[in-house]
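Subject: Structure for you to look at

Hi,

Here is the structure I promised to pass on. Have a look at it first, and then read on for my notes.

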Amino acid sequence: MLAGLAVTFAVAFVFARLAKRIRQPRVMGEIIAGLALGPSLLGLLPGDPVEALFPADARPVLQALSQLGLVLFMFGIGYELDFALLRGAGSRVTLVSLSSMALPMALGAGLAVLLFPLYDKSQLSSDGVLAPAIFLGVAMSITAFPVLARIIAENGMQRTRIGAMALACAVVQDFLAWCVLAVAVVIATASGLWPLARMVLESGLFLGVLLYVVRPGLRRLLAPERRRAVGSSLIHAILVTGLLVSAWATHEIGLHAVFGAFAFGAVVPHRHIEVQAPQVVERIEQTSLFLLPVFFTVTGLSVDVGGLGRTGLIMTVAVVLVACTGKYVGAAVSARLTGASKAESRTLGVLLNARGLTELVILNVGLGLGVLDSRLFSAMVVMALVTTFMTGPLLHRLGFHEELRLVPAPVKNADNSV
């Protein structure tokens with residue numbers, strides 16, 4: 001296990017540096033590194049090096065580490081969701097968000113119905129098509145908010161109107177997608193009407209406790225005007241304990257642990273944390289980034305691109321085409337209808353098509369629930385990589401620099417030099 005972890009971190013670092021050189025987010029290099037350490041690349045070498053590095057008795061520990069990194073990461077995603085982006089955003093953000101989510105969701109659900117005869121039913125938790133259709137629809141409709149924010153920042157678009165609009169749309173879509181995904185999880189795991197109702201009630205109770213007990217309690221505890229300030233070490237302990245308890249609670253309800261960590265991050269009073277101890281959240285995020293390569297490797301162990309075969313290749317092509325068409329058309333057409341220029345509409349369609357890490361999180365949830373088989377899981381992972389890798393080159397191909405960038409006016413000195 002220790003040797004496997006050493007190789008995982010070393011290879012992730014090298015691939016992250018390579019990704020940065022080709023103007024891709026570092027996380028994409030880490031994802032590729034995880035896939036390379038699985039059957040898709042390392043497994044092609046003689047002597048079964050995958051089993052030597054990641055033997056069966058070590059994989060449960062790796063899985064536990066990957067889940068820890070995942071819930072820490074999802075806390076950060078919930079914490080970073082800036083709902084202030086939606087203030088004054090108007091009807092354009094609402095329409096673009098809903099249409100660029102509804103169209104790929106509908107296309108993905110329809111594709112799931114068409115591909116369902118090709119599923120390996122022995123890997124599914126039930127024989128019904130409803131849960132796989134809803135799940136594939138959600139997976140198609142997601143936009144990777146953290147990766148999108150990284151792409152926008154690295155391309156200098158954070159000061160543009162279209163960059164802010166893309167982030168606002170991603171916030172809406174991520175929030176709605178996790179809500180719909182929770183419904184899909186309930187449908188997939190509930191064995192009858194009463195278990196379904198119980199999960200819904202318990203989920204509502206959990207959210208109620210977070211909103212009306214935990215959030216007000218944290219506000220009072222972390223209020224800057226308190227006579228005795230709370231130390232950063234105590235805040236760190238409170239946040240880590242809270243996110244882990246929330247993750248455990250949603251797991252016990254029957255949902256995935258990522259829902260609890262995400263919800264806890266969203267209800268934490270940001271202003272109080274930023275005033276009292278802004279470094280605490282950064283520490284948690286750094287820990288999650290340290291552990292995420294393990295998550296990518298565990299994911300890569302379940303992906304065998306070489307084993308897709310002809311049927312898997314057809315699945316992959318269909319998934320990529322449906323994903324790109326649904327996102328691009330849904331975003332670009334609705335943006336154009338609300339008054340955006342052609343350049344803005346095209347750029348927005350390209351930006352919202354990025355799936356990245358968030359997609360892998362959702363796919364791992366689906367694989368664990370038995371609503372995806374391994375072949376479709378591999379096809380969807382390929383789609384996540386393709387849609388994210390193509391974002392940067394397409395942005396430069398569209399020439400957004402000239403048409404969309406908001407350049408500040410030149411400042412002249414006293415001698416009239418710029």
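Let me start in a loop: arginine 23 sits between α1 (2-21) and α2 (26-36). Keep in mind throughout that this is a predicted model. Arginine 23 is not a glycine, yet its phi is positive, at about 65°. Its relative accessibility is 56%, and since the bar for exposed is over 50%, the residue counts as exposed.

There is a second residue of this kind. Aspartate 48, also not a glycine, has a positive phi of about 55°. You'll find aspartate 48 in the loop between α2 and α3 (49-53). With 45% relative accessibility, aspartate 48 counts as partly exposed.

Now for the helix that lies between those two loops. How many of the 11 residues of α2 are buried? The count is 9, so α2 is largely enclosed by the rest of the structure. Among the buried ones are Val27, Met28, Ile31 and Leu35, and the list also includes Glu30. As for what does the covering, α1, α7 (145-154), α13 (278-301), α16 (356-369) and α17 (374-389) are included.

α6 is another helix to click on. Here 10 of the 12 residues are buried, so the helix is mostly covered. Phe135, Leu136, Val138 and Met140 are among the buried residues, as are Gly137 and Ser141. The length of α6 (residues 130-141) works out too: at 1.5 Å a residue its 12 residues should span 16 Å, and the end C-alpha atoms are 17 Å apart, which agrees.

Two single residues are on my list as well. Leucine 222 is in the loop between α9 (193-221) and α10 (232-253). Is leucine 222 buried or exposed? Its relative accessible area is 2%, and buried means under 20%, so leucine 222 is buried. Leaving out residues up to four places away in sequence, leucine 222 touches Val230, Ile235, His272, Ile273 and Gln276. Its C-alpha atom is 9.6 Å from that of alanine 277, although the two residues are 55 apart along the chain.

The other one is threonine 391, which belongs to helix α18 (residues 391-398). Threonine 391 has a relative accessibility of 1% and therefore counts as buried. Which residues does threonine 391 contact, leaving aside neighbours within four places in sequence? They are Ile151, Val350, Leu351 and Ala354.

Finally, the overall picture. The protein has 19 helices and 0 strands. For 418 residues, a compact globule would have a radius of gyration near 22 Å, and the protein's value of 22 Å agrees with that. Along the principal axes, the C-alpha atoms fill a box of roughly 75 × 55 × 45 Å. Buried residues account for 50% of the 418. If you take contacts between residues at least 6 apart in sequence, 81% of them join residues at least 24 apart.

On the surface side, the accessible area is about 18,700 Å², with 65% of it belonging to carbon and sulfur atoms. The protein carries 31 positive and 23 negative charges, and the mean positions of the two sets are 9 Å apart.

That's what I have for now.

Cheers

Key:
Residues numbered from 1 in each chain as written. Predicted model: local features only at pLDDT ≥ 70, side-chain atom pairs only at ≥ 80, totals over all residues. Heavy atoms only, no water. Helix = DSSP H or I, 4+ residues; strand = E, 2+ residues; numbered from the N terminus. Buried < 20%, exposed > 50% of the residue type's maximum accessible area, 1.4 Å probe, protein only. Contact = heavy atoms within 4.5 Å. Rg over C-alpha atoms; globule rule 2.2 N^0.38 Å. Areas by Shrake-Rupley, 256 points an atom, 1.4 Å probe, with all protein chains shown as cover. Lys, Arg positive; Asp, Glu negative; His and termini not counted. Charge placed at Lys NZ, Arg CZ, Asp CG, Glu CD. Expected span 1.5 Å × (residues − 1).
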